[in-house]
Amino acid sequence: MGDGSEALAFLRREGAHRDAPRPDLILLDLNMPRVDGRQALAEIESDPELKSIPTIVFTTSSLDSDVIASYSTHANAYITKPIDLDDYERVVMAIRNFYGHLAVLPRRSPDQPAL
């Protein structure tokens with residue numbers, strides 16, 4: 001996604017994203033342009049169609065205020081992006097393994113194909 005506004009349009013299946021599949025998981029960067037991740041998280045969590053999708057804040061910020069605000073807005077997890085490429089890949093694989101193999105996610109409605 002180019003920015004937070006486009007990400008929300010994708011999630012809501014608006015405009016050019018009308019046929020977009022509903023994601024199983026949202027990785028959200030706090031530092032997106034236009035609509036930042038803080039605003040996007042608040043909108044996701046206030047939308048009855050989106051709030052059941054697990055949302056992980058995956059960002060460069062390690063500020064306590066960002067962590068607290070994210071959990072207060074019902075993020076399911078907060079992960080600081082590693083700078084080292086090997087560490088980054090390890091963290092992404094850990095997220096994939098947990099949410100792809102261990103966690104039980106909400107069932108989709110029949111019109112929502114699995115990813």
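The following dialogue sets values from a predicted model against their definitions.

Student: What should be known about the model and its numbering?

Tutor: The model is predicted, so local features need pLDDT of at least 70 and side-chain atom pairs count only at pLDDT 80 or more, while totals for chains, interfaces and linings use all residues. Residues are numbered from 1 along each chain as its sequence is written, and side-chain values use heavy atoms, with hydrogens and water left out.

Student: What makes a helix or a strand here, and how many does the protein have?

Tutor: Both are DSSP runs numbered from the N terminus: H or I over at least four residues for a helix, E over at least two for a strand. By that rule the protein has four helices and three strands, in the order α-β-α-β-α-β-α along the sequence.

Student: How do you know whether the radius of gyration agrees with a compact globule?

Tutor: The radius is taken over C-alpha atoms, and the globule rule is 2.2 Å times the number of residues to the power 0.38. For 115 residues a compact globule would have a value near 13 Å; the protein has 14 Å, which agrees. The C-alpha atoms fill a box of roughly 40 × 35 × 25 Å along the principal axes.

Student: Why is Glu49 called exposed?

Tutor: Buried means under 20% relative accessible area, exposed over 50%, and partly exposed in between, with a 1.4 Å probe and protein chains only. Glu49 has 54%, so it is exposed. Glu49 lies in the loop between helix H2 (37–46) and strand S2 (55–59). Its C-alpha atom is separated by 11 Å from that of Arg13, 36 residues apart along the chain. Of the 115 residues of the protein, 36% count as buried.

Student: What makes a nonpolar core, and which residues touch the most other members of the largest one?

Tutor: A nonpolar core is a set of buried Ala, Val, Leu, Ile, Met, Phe, Trp, Tyr and Cys residues joined through side-chain atoms within 4.5 Å. The largest has 15 residues, and Ile26, Leu28, Ala40, Ile44 and Val57 touch the most other members. Helix H1 (4–11), strand S1 (26–28) and H2 each supply at least two residues; H2 gives the most, with three. Apart from this core lies another of seven residues, including Ile56, Ala77, Val91 and Ile95.

Student: Which residues does Leu28 touch, leaving out those up to four places away in sequence?

Tutor: Contact means heavy atoms within 4.5 Å. On that basis Leu28 touches Gly37, Ala40, Leu41, Thr55, Ile56, Val57 and Phe58.
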